[in-house]
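Subject: Structure handover

Hello,

Please find the structure below, with the sequence. My notes on what turned up follow it.

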Amino acid sequence: MAGVLHFILLLILHCGSFHLISARPDQNTTTEAPDAAFTPTESLFSAGKTNSTEAPTTGFTTGYSKTTAKPPKTSTTTEQLSEDTSKTAERAVPRKDTEEEEGPLELERRSARSVKVTKKPKTIQKKSKLITKKPKIVKKTKPQVKPSVATETLPQCPPLGLESLKVKDTQLRASSYKRRGLGPHRGRLNIQSGIEDGDIYDGAWCAQYRDKKQWLEVDALRLTRFTGVILQGRSSIWSWDVVHTYKVQFSNDSLAWKPCMNGTEEAIFEGNQDPETPVLALFNTSTVARYIRINPQTWYQNGTDGAICLRAEVLGCALPDPNNIYAWQTEPTGSRDKLDFRHHNYKEMRKLMKSVNEACPDITRIYSIGKSYTGLKLYVMEISDNPGKHELGEPEFRYVAGMHGNEVLGRELLLNLMEYMCQEYKRGDQRVVRLIKETRIHLLPSMNPDGYEMAFKKGSELAGWALGRYSYEGIDMNHNFADLNSVMWTAIELETDRSKLINHYFPIPEKYTSEEAFVASETRAVINWMQNIPFVLSANLHGGELVVTYPYDMTRDWAPRDHTPTADESFFRWLATAYASTNQVMSNPDRRPCHNKDFLRYNNIINGADWHNVPGSMNDFSYLHTNCFEVTVELSCDKFPHASELPIEWENNRESLLVYMEQVHRGIKGVVRDKDTEAGIADAIIKVDDIDHHIRSVADGDYWRLLNPGEYRVTASAEGYYPSSRTCQVMYDHYPTICDFRLTKMPKQRLKDFLGKGGKLPKDLQLWLRQLRLRKLRVTTKAINQRRAAAAKRAKRV
């Protein structure tokens, strides 16, 4: 009888523990009241953990994906009981001092009764199969508690797109704002202000009033699972405005609002201590809603001058619309190209380049042009039908990306371009096949790998505007090339005889080439690369704006900005237009400006110096020191777009990348040869009438002169040869006009060549030498007779 009573008592205790647990909603399940407008879902951190302003780096350096793991069901008493017993059994096992064995905090919050149930051997035996499976479910659906948030590996939702302009201005509202330039449409992460406060391009949303009732609202346009907020202060060189703490509310109709909770209290999130560093706050429990509000609570007062100003980004996963049965037609798709759309660090970039080389060994070659300050190699992918060799008459083309390490889109586009050209060449795409057979293409995806690694560790949205921009030594490489503009303009001012002026191949000053010069190792490597390969056309890929700029980048009198054209202004405008007009975002007439300048008024192209003064730019150096024409392409408003946006960015730029490469075949090309030997003449000067910029032939005598359609008078000259001129007609075709030259050597040069070889002089050269000697003899005899006559006159006078 005592045994029966003992069994009944244990059964009552067991059931009591079950009711205690079931009375509180499980944190892994979705709880929704019949009239509730909000749906809390899986927590991003363990229960009871406070909000954090530090970002899990892995969540932002890799691509996000929607959470697909479902919480365990709690529909029957048996399932809840088995879950409880399995978890308490796991709780009873002694833990090891390892992170892998560390369980969720919710296991520590179970009641003492539920722990005692695990002592019942009969219950454990009946549910033995469930015990082995349930802990796995718990580990998948709940993150482990670890000392540092940086080790969190849960996938996060991507940004809605305030920074990338995916969120339109009409989706942003605010309780109040000071003026138009500080309206809610300016409350976007990393948005940059103009140099003057008070214009329509200010650097944040700023509330008109200074109280806790101000808010910035974002309309996601559809039900979205919100998971976090990234906050930033005001971008301004005159003001210091940051929000220190804030609250968050959610709504489905913008009328009834529910606060973001931290347990039983309304959550208060930490904001910024400085205006530029982005601070991430992840919600304890993600919430499904359409609207989200950021409600500042404390801010930098600055006496009576402090204002409520912020820039923000919202993290959220859009949920499928159950009423839209044609979602595949209305929702934007990514890319149909099967490419590796994600951010690649140094090792992953090298691995991808190697895979492309292995897939297309006949048309690709990987080589290094040098090393960064920390020893990372600057890898280049060559794509050509004859890799590793310059072919006569085949132009050399290059793309350079990653000069600023935090402007990462160019890096990923070039990696995608490698994959794409390899795939399309194997498929037989005639456009790509023709481009590879007629052009030698060089792709440098990362000129500043040290800076990229710094930005990559912080991740998308958290690197800020400047982290990783500079080299490891703190050098801005776009200002680190030799300033040949000043050398040219100084010579023009001092030289009175314009025939003695040079307009190309300006030598690098000695002070720049010395070891003590403040020149980055990456810059030196690129200059050496330029000098070794006769590039004809190039583009330098940047980020942070949507515009194509062309030389000169430096103003003549060091003015902040001034239109400073080159002698090839018309062709540079053609090059810039070729890229901008085929870019899907730039060519959109309805797009809004990125930051503080509306480039739509300039058709998305601008002279670099007319935008801002950039002394020592790679564009200007390339034009003045080599034969290469180069432009800068600003690819995106967002310097470090999220991995989920890379397929769309590839679609926006794919046609532009191909069209711009095809421009290397515009103009004229040919070979300058010796008329007698048919050997190519190196360093022959190619001059086009009315264009005050010459180019030179390369080692084999071949040259390329980029020109717009038209008729040109072209002259080729070389040391020791008579110059030769001819008229060349440039058509609108995608093929260059062939203009070959055969130069006749001057007799003096021929004589030097024969005397150097020690051979017998030909008869025509012997006759020329005899005539030269007779002419010289007549001249000297005449001079002697004149001196004698003058001496005789003086003698008579004496």
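A disulfide is taken here as a pair of cysteine sulfur atoms within 2.5 Å. The model is predicted, and everything below should be read with that in mind.

Disulfides

By that cut-off, Cys 728 and Cys 739 are joined, with an S to S distance of 2.1 Å. Cys 728 lies in strand 25 (residues 724–730) and Cys 739 in the loop between strand 26 (737–738) and strand 27 (741–743), so this disulfide ties together parts that are 11 residues apart in sequence. Cys 728 has a relative accessibility of 1% and therefore counts as buried. Cys 739 is also at 1%, so it counts as buried.

The structure holds 5 disulfides. If the bonded cysteines of the protein chain are numbered in sequence order, the pairing reads 1-4, 2-3, 5-6, 7-8, 9-10.

One of the 5 is formed by Cys 157 and Cys 317, whose sulfur atoms are 1.8 Å apart. The pair links distant parts of the chain, 160 residues apart: Cys 157 is in the loop between helix 6 (128–141) and strand 2 (172–174), and Cys 317 is in strand 11 (residues 309–318). The torsion about the S-S bond of Cys 157 and Cys 317 is about -110°, so this disulfide is left-handed. Cys 157 and Cys 317 are both buried.

Cys 594 and Cys 637 form another disulfide, with 1.8 Å between the sulfur atoms. Here too distant parts of the chain are linked, 43 residues apart: Cys 594 sits in the loop between helix 15 (569–580) and strand 18 (605–607), Cys 637 in the loop between strand 19 (629–634) and helix 18. The link of Cys 594 and Cys 637 is left-handed, with -60° about the S-S bond. Cys 594 counts as buried because its relative accessibility is 3%. Cys 637 has a relative accessible area of 5%, so it is buried as well.

A buried charge

Which side chain of opposite charge is nearest to Glu 649? It is Lys 166, 10 Å away. A salt bridge needs a side-chain nitrogen of Lys or Arg within 4 Å of a carboxyl oxygen of Asp or Glu, and Glu 649, although buried, has none. Glu 649 is in helix 18 (residues 646–662). Leaving aside residues up to four places away in sequence, Glu 649 touches Leu 409, Leu 413, Leu 635 and Ser 636.

Nonpolar cores

The largest nonpolar core has 96 residues, and those with the most contacts inside it are Tyr 399, Met 421, Phe 481 and Trp 529. Its largest share, 9 residues, comes from helix 9 (residues 409–427). Not counting residues up to four places away in sequence, Trp 529 touches Tyr 367, Ile 369, Val 380, Arg 398, Val 400, His 442, Leu 444 and Phe 535.

Apart from the largest core lies another of 30 residues, among them Ala 174, Cys 260, Trp 299 and Ala 312. Cys 260 has a relative accessible area of 3% and is therefore buried.

Aromatic pairs

A pair of aromatic rings is described by the distance of the centres and the angle of the planes. The count of aromatic pairs comes to 24.

How are the rings of Phe 397 and Tyr 399 arranged, stacked or edge-to-face? Their centres are 4.7 Å apart and their planes at 85°, so the pair is edge-to-face. Phe 397 counts as buried because its relative accessibility is 0%. Tyr 399, one of the residues with the most contacts inside the largest core, is at 0% relative accessibility and so counts as buried.

Tyr 452 and Phe 456 form a stacked pair, 5.7 Å centre to centre with 25° between the planes. They are 4 residues apart in helix 11 (residues 449–458), so about one helical turn separates them. Tyr 452 is buried, with a relative accessible area of 1%. Phe 456 is buried too, with a relative accessible area of 11%.

Ring pairs also link Trp 489, Tyr 552, Phe 571, Phe 572, Tyr 623 and Phe 629 into a cluster.

Best regards

Definitions and conventions. Residues are numbered from 1 along each chain as its sequence is written. This is a predicted model: local features need pLDDT of at least 70, side-chain atom pairs count only at pLDDT 80 or more; totals for chains, interfaces and linings use all residues. Side-chain values use heavy atoms; hydrogens and water are left out. Helices (H or I, at least four residues) and strands (E, at least two) are DSSP runs, numbered from the N terminus. Buried means under 20% relative accessible area, exposed over 50%, partly exposed in between (1.4 Å probe, protein chains only). Lys and Arg count as positive and Asp and Glu as negative; His and the chain ends are not counted. Contact means heavy atoms within 4.5 Å. A nonpolar core is a set of buried Ala, Val, Leu, Ile, Met, Phe, Trp, Tyr and Cys residues joined through side-chain atoms within 4.5 Å. Rings of Phe, Tyr and Trp (its six-membered ring) pair if their centres lie within 6.5 Å; planes under 30 degrees apart count as stacked, over 60 as edge-to-face and the rest as tilted.
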